[in-house]
Amino acid sequence: MKTTFKKCALTSLIAAGMAVGSAAYASENGAVKLGLMLPYTGTYSALGEAITNGLELAIAQHGDQLGGRDVQYVKLDSEANPSRAPQNMSRLVRGDNVDFVIGPVHSGVAMGMLRVAQQTGAITIIPNAGLGAATNELCMPNVFRTSFSMWQVSYPMGKVAYEMGHRRVVTITWDYAGGKEDLAGFEEAFTEAGGEIVRQILVPFPSTEFQSYLAQIASDRPDAVYTFFAGGGGVSFVRDYDAAGLNDSIPLLGSGFLTDGNLAAIGEAGEGVMTTLHYAETLDTPQNRAFVEAYQEAYGQMPDTYAVQGYDTGMMLVQAMEAVGGDTSDRERLIQALANVQLDSPRGPLSFSASHHPIQNVYLREIRNGKHEVVGIAHENLEVPDEACRM
């Protein structure tokens, strides 16, 4: 299923008509209810807060309204707990009667949410979880993603690595679904180009004891290492890799979650590490400069990838709700409006494939002086394979 929805811009005439209809509709139907099913406690709480901040900033920039209607946020702590996902999703949809569900961060939670989305038809926007099946095998008309899939952010690095002259690479990640999906994307592109995977190392999750694996890498003497770790695991791996002296002879590559949000903790050990991701805080465009300034003014800190994903979720809702004049009663029309969204995002041009996955740039980034400097575009307007999607 490779074709994409045809995109159409709103004309000023339609927009004017929608504005009149929106006011009438808003007076009869009250606030738009956004159900946020994100982690607000525990390991992933910073991600949940960043997504929420970005979402609220986008809507605040448009008068705290969607299609002429006020907005009510219904926040539910997902606790990043997959076992509670169906119950929590049902509570938002059936109990709180939200118009949209936004979440989750964790791919395991996404699986539980998707079951309820299928049963209820609730319009769901995924602002982070990278589970590929969400917009492929398990795709459905009422589910959208404003983030990424593991394949989308790792595949471009395979081609980049080969073009750098690397021919023999060791890959390493945790032995769990997300890590293995990420490695698969890199390995697909790298071997297609003619490269060889010398060894794939799977570390028991969530272990951060890397010394024996680093010794094996040193013995293999590959041209480079490609890895997926994130959070504290990413910090430990990058620092241990540097401490083992491997940075001097074997370049370290990864998808961007290896270092995103971790630069301060990684410190000088990260210098020279190269990653691919759909955003970098240093991206030099008018849209990103304005976003960074607004986010810093609102929250007193630099935005990250998670904040951008939340922001674009808000902008997606703004554009779609304007297109339908604030009317959430015609679900088919609303879903089509969401599918037609095109954004000039802080991350670059953003539109949606037929499976409702973002078509977006993936950037090559290098850590220089403690910042993710954009080296170039690793893959422009990358669309994920979605052959298993049947909608």
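This text leads from the overall form of the chain to a few of its individual residues. The model is a predicted one.

The chain contains 12 helices and 15 strands. Its radius of gyration is 21 Å, close to the 21 Å given by the globule rule for 391 residues, so the chain is as compact as a globular protein of that length. The C-alpha trace spans about 70 × 40 × 40 Å along its principal axes. Of the 391 residues, 54% count as buried. Contacts across the sequence add to this picture: among those between residues at least 6 apart, 70% join residues at least 24 apart.

The surface can be described by its composition and by the placement of charge. The chain exposes about 15,600 Å², of which carbon and sulfur atoms supply 49%. There are 26 positive and 44 negative charges, and their mean positions are 5 Å apart.

Within the chain, Ser-147 is a useful residue to follow. Ser-147 is located in the loop between β6 (143-145) and α5 (150-163). Its relative accessibility is 0%; because buried means under 20% relative accessible area, Ser-147 counts as buried. A polar atom of the Ser-147 side chain lies 3.1 Å from the backbone oxygen of Asn-128. Asn-128 is also one of the residues in contact with Ser-147 once neighbours within four places in sequence are left aside. That list further includes Ile-126, Pro-127 and Ala-129, together with Gln-152, His-278, Gln-309, Arg-347, Pro-358 and Gln-360.

The backbone also deserves attention. Most residues other than glycine have a negative phi, and most peptide bonds are trans. Against that background, two cis peptide bonds may be considered, each involving a proline. One joins Gly-103 and Pro-104, with omega about 0°, and Pro-104 is found in the loop between β4 (100-102) and α4 (107-120). Another joins Phe-205 and Pro-206, with omega about 5°; Pro-206 has its place in the loop between β8 (196-203) and α7 (211-220).

Positive phi values occur at Asp-64 and at Glu-79, neither of which is glycine. For Asp-64, phi is near 55°, and the residue lies in the loop between α2 (45-60) and β2 (65-66). With a relative accessible area of 44%, Asp-64 is partly exposed. For Glu-79, phi is near 60°, and its place is in the loop between β3 (69-77) and α3 (85-95). Glu-79 is likewise partly exposed, at a relative accessible area of 40%.

Key: Residues are numbered from 1 along each chain as its sequence is written. This is a predicted model: local features need pLDDT of at least 70, side-chain atom pairs count only at pLDDT 80 or more; totals for chains, interfaces and linings use all residues. Side-chain values use heavy atoms; hydrogens and water are left out. Helices (H or I, at least four residues) and strands (E, at least two) are DSSP runs, numbered from the N terminus. The radius of gyration is taken over C-alpha atoms; the globule rule is 2.2 Å times the number of residues to the power 0.38. Buried means under 20% relative accessible area, exposed over 50%, partly exposed in between (1.4 Å probe, protein chains only). Contact means heavy atoms within 4.5 Å. Accessible areas come from the Shrake-Rupley method with a 1.4 Å probe; for residues, only the protein chains shown count as cover. Lys and Arg count as positive and Asp and Glu as negative; His and the chain ends are not counted. The place of a charge is taken as NZ of Lys, CZ of Arg, CG of Asp or CD of Glu. A polar contact is a pair of N or O atoms within 3.5 Å; within protein, one must be able to donate a hydrogen and the other to accept it, and residues adjacent in sequence count only if both atoms are side-chain atoms.
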